[in-house]
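Student: I should like to learn how to read a structure of this kind, one feature at a time. May we begin with the display?

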Amino acid sequence: MQKLFFLTNVSHELRTPLNAILGFSQLLRMDAKLNESCKQQVLKIEQAGRLLLDLVNDLIDLGRVESGKLQFNVEMIAIDPLIKDMLRIFQSMAEEKGIALTYQSDLSDIATVRADSARLRQVLTNLLSNAIKYNRPHGNITLVCQRCANKIRISVIDTGIGVPFHLQQRIFNSFDRLGREGGKIEGVGIGLSICKHITEAMGGNIGFNSIEGEGSTFWIEFPANQPVNNIMSHRDASLSREFSKPVLNTELHLLLVEDNEINQLLACAILEKIGYTVDVVENGAKAVEAVRNKAYDLVLMDCLMPVMDGYEATRIIRRNETGSGKHIPIIAMTANAMTSDREACLSAGMDDYLAKPIDFSQLESTLNRWLRKN
Ligand code: ADP
């Protein structure tokens, strides 16, 4: 437990330098002057940084689940759009490894479960990543959703290497890779332990069966709800907004609210590279002032800042907009990658959420989504 406490604290400290490593390597990779072999080397730095970031995030989560500090926002979630969204993300990853990913469901489009949407995504991300990682070349993955009595079961079935029977009772132990440490497949053995904690904390169950050399089925089960219309998570709602006409980036003025100098430098470099005009202020109070004095097209808002934080600034900006018919898109950019932080941003009046370290393509697509005119 003490070891975990130490790791969790160190992990928090690792996020800021990682932000710089990931951000600047993404930026460098786009530099036209860089030759192909340098680009490949920078790509390796970026990939290694990303692995490190996943590990850091997992360690932070493990620390929180084991100390009971993980917060959940359990609500009714429409299962079909969530699964389809996950499949979109994983389809290309599976294809890259020559693995076929298919979906079967006997649920209606509006079937719902009681769970925390972001945490459910996290569990499925882990199970699907493992199903890819531990698969064989040209293998298959089938994602199956079915109703079992008053529960909904989601199964991830792979045709991979499987788990030897005598090791199966250890599979949900933290830091246990069941003898795969030192092998070619990367990992630290905490993903499934986190999945078990999260699933059970949301009132669900997790289990698996496996035959060595043939494959594995990992499943999670949650209480089902009566079908309800119009249930959509915030993310799904924002994704389904219909935007049409693209506009030229240079016409658009963004306000970046960020107190950390390295993050300012990085975000500005990225935004200017995409072609936006950017003003920077270092706290929420200055952001309120800036928005009052200039008609910005969008605000990128850090959350924790001295003088006035991003939540308070957003609340004031929204209050000032009351009755004006205006609604400036405010996107949170924060190192706090927890679900509860996302909810706090949305309930303060922000429209969307980006976790730091900033992912270049995620930033670009989020901006495109909010800046294209109707
Ligand atoms: P990691 O993948 O980082 O090692 P996990 O906690 O996700 O950690 O998994 C623990 C161990 O369980 C893995 O090291 C692997 O030996 C085994 N395992 C997990 N998923 C699968 C799977 N789909 N097929 C075969 N083995 C698996």
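Student: Which side chain is joined to that of Gln122 by a polar contact, and at what distance?

Tutor: Please keep in mind throughout that this is a predicted model. A polar contact is a pair of N or O atoms within 3.5 Å. Here the side chain of Gln122 is joined to that of Arg119 by a polar contact of 2.3 Å. Gln122 has its place in helix H4.

Student: Is Gln122 buried or exposed?

Tutor: A residue is called buried under 20% relative accessible area and exposed over 50%, with partly exposed in between. Gln122 has a relative accessible area of 19%, so this residue is buried.

Student: Which residues come nearest to the ligand?

Tutor: One reads a binding site by listing the surrounding residues and then the individual contacts. The ligand has 19 residues around it, and those that come nearest are Asn130, Lys133, Tyr134, Arg177 and Leu192. Helix H4 (117–133), helix H5 (191–201) and strand S7 (215–225) each contribute at least two residues to the shell around the ligand.

Student: Which side chains place polar atoms at short listed distances from atoms of the ligand?

Tutor: Lys133 has a polar side-chain atom 2.8 Å from an oxygen atom of the ligand. For Arg177, an N or O atom of the side chain is 2.6 Å from a ligand oxygen atom. Asp158 has a polar side-chain atom 2.9 Å from a nitrogen atom of the ligand. As for cover, the ligand taken alone exposes 530 Å², of which the protein buries 97%.

Student: How do the strands S2 and S4 run, and how many bridges join them?

Tutor: Strand pairing is read from the bridges and from the direction of the two strands. Strand S2 (residues 100–105) and strand S4 (residues 140–148) run parallel and are joined by 6 bridges. Within this pair, Thr102 has Thr142 in S4 as its bridge partner.

Student: How many bridges join S4 to S5?

Tutor: There are 8 bridges between S4 and strand S5 (residues 151–158), and these two strands run antiparallel. Cys145 has Ile154 in S5 as its bridge partner. S4 and S5 form a hairpin with 2 residues between the strands, where Ala149 takes a positive phi near 50°.

Student: How many salt bridges does the structure hold?

Tutor: The general idea comes before the count. Side chains of opposite charge can pair when their charged atoms come close. The structure holds 17 salt bridges. One of them is formed by Lys84 and Asp80, whose closest N and O atoms are 2.8 Å apart.

Student: Why are Lys84 and Asp80 separated by about one helical turn?

Tutor: The two residues are separated by about one helical turn because they are 4 residues apart in helix H3 (residues 79–96). Lys84 has a relative accessible area of 40% and is therefore partly exposed, whereas Asp80, at 11%, counts as buried.

Student: Where is Asp351 found, and which salt bridge does its side chain form?

Tutor: Asp351 is found in the loop between helix H10 (339–348) and strand S12 (352–355). Its side chain meets that of Arg318 in a salt bridge of 2.9 Å, N to O. This pair links distant parts of the chain, as Arg318 is in helix H9 (residues 310–321) and the two residues are 33 apart. Arg318 is buried, with a relative accessible area of 14%, and Asp351 is buried at 16%. The side chain of Asp351 also makes a polar contact of 2.7 Å with the side chain of His327.

Student: Which residues make a nonpolar patch on the surface?

Tutor: For a surface patch, one looks for nonpolar side chains that remain accessible. Phe6, Val10 and Leu14 make a nonpolar surface patch of about 260 Å². Phe6 is found in helix H1 (residues 2–29). At 54% relative accessibility, Phe6 counts as exposed.

Technical notes
Residues numbered from 1 in each chain as written. Predicted model: local features only at pLDDT ≥ 70, side-chain atom pairs only at ≥ 80, totals over all residues. Heavy atoms only, no water. Patch = residues over 30% accessible without salt bridge, like charges linked within 9 Å, V, L, I, M, F, W, Y side chains within 5 Å. Areas by Shrake-Rupley, 256 points an atom, 1.4 Å probe, with all protein chains shown as cover. Salt bridge = Lys/Arg side-chain N within 4 Å of Asp/Glu carboxyl O. Buried < 20%, exposed > 50% of the residue type's maximum accessible area, 1.4 Å probe, protein only. Pairing = 2+ DSSP bridges. Near = heavy atom within 4 Å. Polar contact = N/O pair within 3.5 Å; in protein donor to acceptor, adjacent residues only side chain to side chain.
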